[in-house]
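Q: I should like a close look at a single part of this model, followed by an account of how that part sits within the whole. Please treat the local environment in detail.

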Amino acid sequence: IKHTHHPLNEENRGDTGRFRAAGAEPVILAGAGEAVIFRAAGTSRVRYDRPRDLLAHFDADIVLVEGFKELGEWPKVSIEAASRPRVEELAHELDRIWSQ
């Protein structure tokens, strides 16, 4: 899920394109109360009241969310570009959070 303050679009570019190319399914671009869901089968728009409502569109144990910084209810992992962890390090951190 990628939270944006910009107008929603249905273009496969930017972070959305990178997430999809990496194999994320679905990829959700979430704006204020509306989101675009990108799936291999097509793109759709949905309304939502709370960001947590978007989790209903996933069949996964872990969903990565970029943004929604104002939410305090979800565990957070902060990754700085200058000190980006290896995949194994990130997986270890996610395992640690998941087991809490």
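Is Ala35 buried or exposed, and what is its relative accessible area?

A: The model is a predicted one, and the values below are computed from it. Ala35 is buried, since its relative accessible area is 0% and a residue counts as buried under 20%.

The residue belongs to strand β3, which covers residues 34-39. Once residues up to four places away in sequence are set aside, Ala35 touches Leu8, Ile28, Leu29, Ala30, Ser44, Arg45, Val46, Tyr48 and Leu54. Several of these partners can be placed by the limits of the strands: β2 spans 27-30, and β4 spans 42-47. A separation across the model can be given as well: from Ala35 to Arg86 there are 51 residues in sequence, and their C-alpha atoms lie 30 Å apart in space.

One of the partners of Ala35, Arg45, merits separate treatment. Arg45 is located in strand β4. In contrast to the buried Ala35, Arg45 is partly exposed, at a relative accessible area of 37%. Its side chain forms a polar contact with the side chain of Glu10, at 2.8 Å. Beyond four places in sequence, the residues that Arg45 touches are Leu8, Asn9, Glu10, Glu34, Ala35 and Val36. Leu8 thus appears in the contact list of Arg45 and also in that of Ala35. With respect to strand β2, the C-alpha atom of Arg45 is 12 Å from that of Val27, a residue 18 places away along the chain.

The segment that leads into β2 has a notable backbone feature. Pro26 is part of the loop between α1 (14-21) and β2 (27-30). The peptide bond from Glu25 to Pro26 is cis, with omega near -5°. Most peptide bonds are trans, and most residues other than glycine have a negative phi.

Strand β2 also supplies a link to the start of the chain. Ala30, a partner of Ala35, is in contact with His3 as well, and Ile28, Leu29 and Ala30 are among the residues touched by Lys2. Both Lys2 and His3 lie in strand β1, the latter line of residues being 2-3. Lys2 is buried, with a relative accessible area of 18%. The side chain of Lys2 makes a polar contact with that of Asp15, at 3.3 Å; Phe19 and Glu66 are also among the residues that Lys2 touches.

His3 is buried too, at 14% relative accessibility. Apart from neighbours within four places in sequence, its contacts are Ala30, Gly31, Glu66, Gly67, Phe68 and Glu70. A polar atom of the His3 side chain lies 3.3 Å from the backbone nitrogen of Phe68.

Phe68 itself is found in the loop between β4 (42-47) and α2 (87-98). Phe68 counts as buried, with 4% relative accessibility. Its phi is near 50°, which is a positive value in a residue other than glycine.

Val77 occupies the loop between β4 and α2 as well, but Val77 is partly exposed, at a relative accessible area of 35%. Outside its neighbours within four places in sequence, Val77 contacts Leu90, Glu93, Leu94 and Ile97. The C-alpha atoms of Val77 and Val63 are separated by 12 Å, with these positions 14 residues apart along the chain count.

The whole chain provides the setting for this part. Two helices and four strands make up the secondary structure, and from the N terminus the elements follow the order β-α-β-β-β-α. The radius of gyration is 14 Å, close to the 13 Å given by the globule rule for 100 residues, so the protein is as compact as a globular protein of that length. The C-alpha trace spans about 35 × 30 × 25 Å along its principal axes. Of the 100 residues, 28% count as buried, Ala35 being one of the buried residues. Among contacts between residues at least 6 apart in sequence, 39% join residues at least 24 apart.

As for the surface, the accessible area comes to about 7,200 Å², of which 50% belongs to carbon and sulfur atoms. There are 14 positive and 17 negative side chains, and the centres of the two sets lie 3 Å apart.

Note on methods:
Residues are numbered from 1 along each chain as its sequence is written. This is a predicted model: local features need pLDDT of at least 70, side-chain atom pairs count only at pLDDT 80 or more; totals for chains, interfaces and linings use all residues. Side-chain values use heavy atoms; hydrogens and water are left out. Buried means under 20% relative accessible area, exposed over 50%, partly exposed in between (1.4 Å probe, protein chains only). A polar contact is a pair of N or O atoms within 3.5 Å; within protein, one must be able to donate a hydrogen and the other to accept it, and residues adjacent in sequence count only if both atoms are side-chain atoms. Contact means heavy atoms within 4.5 Å. The radius of gyration is taken over C-alpha atoms; the globule rule is 2.2 Å times the number of residues to the power 0.38. Accessible areas come from the Shrake-Rupley method with a 1.4 Å probe; for residues, only the protein chains shown count as cover. Lys and Arg count as positive and Asp and Glu as negative; His and the chain ends are not counted. The place of a charge is taken as NZ of Lys, CZ of Arg, CG of Asp or CD of Glu.
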